[in-house]
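This report looks at one sheet and at two residues in its strands. Please have the sequence and the model open as you read.

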Amino acid sequence: MDLKSKITFSVRFFCIICISIFAAGNLFAQKADTTKISLKPKPKVVSRVPQIKGSVTPYKPGNLLLGNSSLLSSGSAATHSKTAKVLTILKIYPNPVSEQFNINLRLDKESNLFIKITDLLGNDITTLINERSAAGEHTKTFTIPSKLNPGIYFVRIDAGGDLVVKRIVVL
């Protein structure tokens, strides 16, 4: 590069810098007043993530009683059912149910046995059994009441305060 081209390049570079500075605004001009009062309200920041307000008890299996609107407290009732389990459901068959079904269960001690059918909302449809049963393994056979429409129902089995809820499908 010869001297003439270097000078031309330097002059052009200097001109470009000067033009860009003066085109952006005068360096010696007054700054804008920043104490201006705005009449427009500031927009609220809206989060797209839904916020859940309130205290909601987290779901734990066995805490929800169908038919009641109350939850078991995490105190003595829940602890008692875990340490001294009275009821063990072995099997409910056939499922889906058309005319009759069998419940195979085991009771660890003699207790009151309640077996009810409830709908999806927890409303009691019918009570199948309400009796005192001895300890041991039992197989109970029940016929489906004629007032049950085809659909999904729950069988609530309560033995000595130990509650088990199973889903059945009625055809």
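Strands E3 (residues 111–118) and E6 (residues 151–159) run antiparallel and are joined by six bridges. Strands here are DSSP runs of at least two residues (E), numbered from the N terminus. Two strands count as paired if DSSP finds at least two bridges between them. Within this pair, Ile117 stands opposite Val155 in E6.

The model is predicted: local features need pLDDT of at least 70, side-chain atom pairs count only at pLDDT 80 or more, and totals for chains, interfaces and linings use all residues. Residues are numbered from 1 along each chain as its sequence is written, and side-chain values use heavy atoms, with hydrogens and water left out.

The open sheet has four strands, in the order E4-E3-E6-E7, with antiparallel pairing. E4 and E7 stand at the edges with a single partner strand each, so one side of each has no neighbour in the sheet. On average, neighbouring strands are turned by 15° against each other, direction ignored. The strand axes are lines fitted to C-alpha atoms.

Now one residue from each edge strand.

| Residue | Strand | Relative accessible area |
|---|---|---|
| Thr126 | E4 (residues 124–133) | 17%, buried |
| Leu163 | E7 (residues 162–170) | 23%, partly exposed |

Buried means under 20% relative accessible area, exposed over 50%, and partly exposed in between (1.4 Å probe, protein chains only).

Which residues does Thr126 touch, not counting those up to four places away in sequence? They are Lys116, Ile117, Pro145 and Lys147. Contact means heavy atoms within 4.5 Å.

Leu163 lies 9.8 Å from Ile115, C-alpha to C-alpha, with their positions 48 residues apart in sequence numbering.

Conventions:
Axes are lines fitted to C-alpha atoms, for helices over the stretch in contact, and angles run from 0 to 180 degrees between N-to-C directions.
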